[in-house]
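Keep the model open while you read. We will go through it step by step.

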Amino acid sequence: MAEILGVGLSHYPPLCTPDEMMSGILRLTLKDPGISDALKSPENWPAAMREEWGDDQGTAAAGRHRAALVEQFRRVRRAIDDFNPDVVLIWGDDQYENFKEDIIPPFTVCAYDDMDLYPWRHAQSSSMMTGKPNAWGEGPDKMYRLKGRRDIGKHLTTGLLEQNFDVAYAYKPLHHESLAHAFTNAILYLDYDRMGWDYPTLAMPINCYGRKVISARGFLSNMNAELDLDPPGPSPARCMDMGAATARVLRDSPWRVAMVASSSWSHAFLCDRTFHMRPDTPADRALFKALNEADYGYWHSQSTEDFEAAGQQELLNWCPLLGAMQELKAPLKWSSFTETHIFNSNKVFAEYSVV
């Protein structure tokens, strides 16, 4: 019987940038001609948002935000190190990186062999890092020799198919040179102190962006943009069921598996009802409450439309984790909620007891 650890974290791209650049998404939003000048004016923002923005467009607040996030990344890293997994399975989104016009699968098991991962050389527009300085001052030669476990990827794919869960798989990247940023950033942040990353890693991208994966290339668009929307991604319930099936397959394996949900929560640039100005914190708080209370039914009852309305598309990466932890009856060990108005998304971290 396997042992399984479940954790959740953020892969927030602007954390890669220096503090003075961290509010870049909001700065882009303030240039959107589809948003009224009144909504863009700080004097009409909530007090907490004005305080974060300050007189330096969020630079000082970025330092505090970074410190809060790094503390949680270190805590998750300690949990992974203590567990010492045979493989780290990461659920993350693909924002027009490998998922492009030629194929958009709902889920894919990336059963890759070892690869050279160059975070800054392979950066694409979805990571917001192309041509930008990074917080570590690293150059294009920064590289991880990322270990793969094709055997575990094949075992997981086979098990999911045998459970009538039709999942795609891949042995090499299709368009992106290595891993999409949801996975690369998770590794960069779990290795924030640059201790190295020697754990074999299995990426499982999800089509979180659904209706906007091609039409908006998985990124922001203006409020008044007329998009030719794509078909939806998988529902929250379906993603939870996939996580539960994954837990059943890997529970009966010989491996120690760390399961990782990689995403921030509601994204301001996806949330029309906040005019792309800030995250939907009430919707996030409701899901966070349900997470802490093990109210899996609340998560399972969410619809695609619910997630889209709140800008929570990337929370589809957390749904498999919750589905797996429910299946395994794993108790929540701890969780944290880092709230923000100007840094695009609230960030949640969590750790479940090993089962």
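Start with helix H6. Its buried residues are His181, Ala182, Phe183, Thr184, Asn185, Ala186, Ile187, Leu188, Tyr189 and Leu190. The helix runs over residues 181-190, and 10 of its 10 residues are buried. H6 is thus mostly covered. Keep in mind that this is a predicted model.

What does His11 touch? Leaving aside neighbours within four places in sequence, His11 is in contact with several residues of the helix just described, including His181, Ala182, Asn185, Ala186 and Tyr189. Its other contacts are Asp93, Ser262, Ser263, Ser264 and Glu314. His11 itself sits in a loop, between strand S1 (3-9) and helix H1 (24-29). Its relative accessible area is 3%, so His11 is buried. Two of the contacts deserve a closer look. The side chain of His11 makes a polar contact with the side chain of Ser262, at 3.0 Å. It makes another with the side chain of Glu314, at 3.2 Å. For a sense of distance, try Phe275. It is 264 residues from His11 in sequence, and the two C-alpha atoms are 23 Å apart in space.

Now step back to the whole chain. It has 11 helices and 10 strands. The radius of gyration is 19 Å, close to the 20 Å that the globule rule gives for 355 residues, so the chain is as compact as a globular protein of that length. Along its principal axes, the C-alpha trace spans about 60 × 45 × 40 Å. Of the 355 residues, 59% are buried. Take the contacts between residues at least 6 apart in sequence: 81% of them join residues at least 24 apart. The accessible surface comes to about 13900 Å². Carbon and sulfur atoms account for 49% of that surface. As for charge, the chain carries 35 positive and 48 negative side chains. The centres of these two sets lie 3 Å apart.

Next, look at the loop between strand S4 (115-117) and strand S5 (144-146), where Asn134 is found. Is Asn134 buried or exposed? Its relative accessibility is 8%, so Asn134 counts as buried. Its side chain meets the backbone at two places. A polar atom of that side chain lies 3.1 Å from the backbone nitrogen of Trp136. For the backbone nitrogen of Gly137, the distance to a polar atom of the Asn134 side chain is 2.9 Å. Beyond four places in sequence, Asn134 touches Cys16, Pro18, Trp120 and Met129.

Met128 also has its place in the loop between S4 and S5. Its phi is near 65°, a positive value in a residue other than glycine. Met128 has a relative accessibility of 13%, so it counts as buried.

A positive phi turns up again at Asn84, where the value is about 55° although the residue is not a glycine. Asn84 is found in the loop between helix H4 (59-83) and strand S2 (87-93). Its relative accessible area is 48%, so Asn84 is partly exposed.

Finish at Thr338. This residue lies in strand S9, which covers residues 332-338. With a relative accessible area of 13%, Thr338 is buried. Which residues does it contact, leaving aside neighbours within four places in sequence? Thr338 is in contact with His65, Ala68, Leu69, Asn346 and Lys347.

Notes:
Residues numbered from 1 in each chain as written. Predicted model: local features only at pLDDT ≥ 70, side-chain atom pairs only at ≥ 80, totals over all residues. Heavy atoms only, no water. Helix = DSSP H or I, 4+ residues; strand = E, 2+ residues; numbered from the N terminus. Buried < 20%, exposed > 50% of the residue type's maximum accessible area, 1.4 Å probe, protein only. Contact = heavy atoms within 4.5 Å. Polar contact = N/O pair within 3.5 Å; in protein donor to acceptor, adjacent residues only side chain to side chain. Rg over C-alpha atoms; globule rule 2.2 N^0.38 Å. Areas by Shrake-Rupley, 256 points an atom, 1.4 Å probe, with all protein chains shown as cover. Lys, Arg positive; Asp, Glu negative; His and termini not counted. Charge placed at Lys NZ, Arg CZ, Asp CG, Glu CD.
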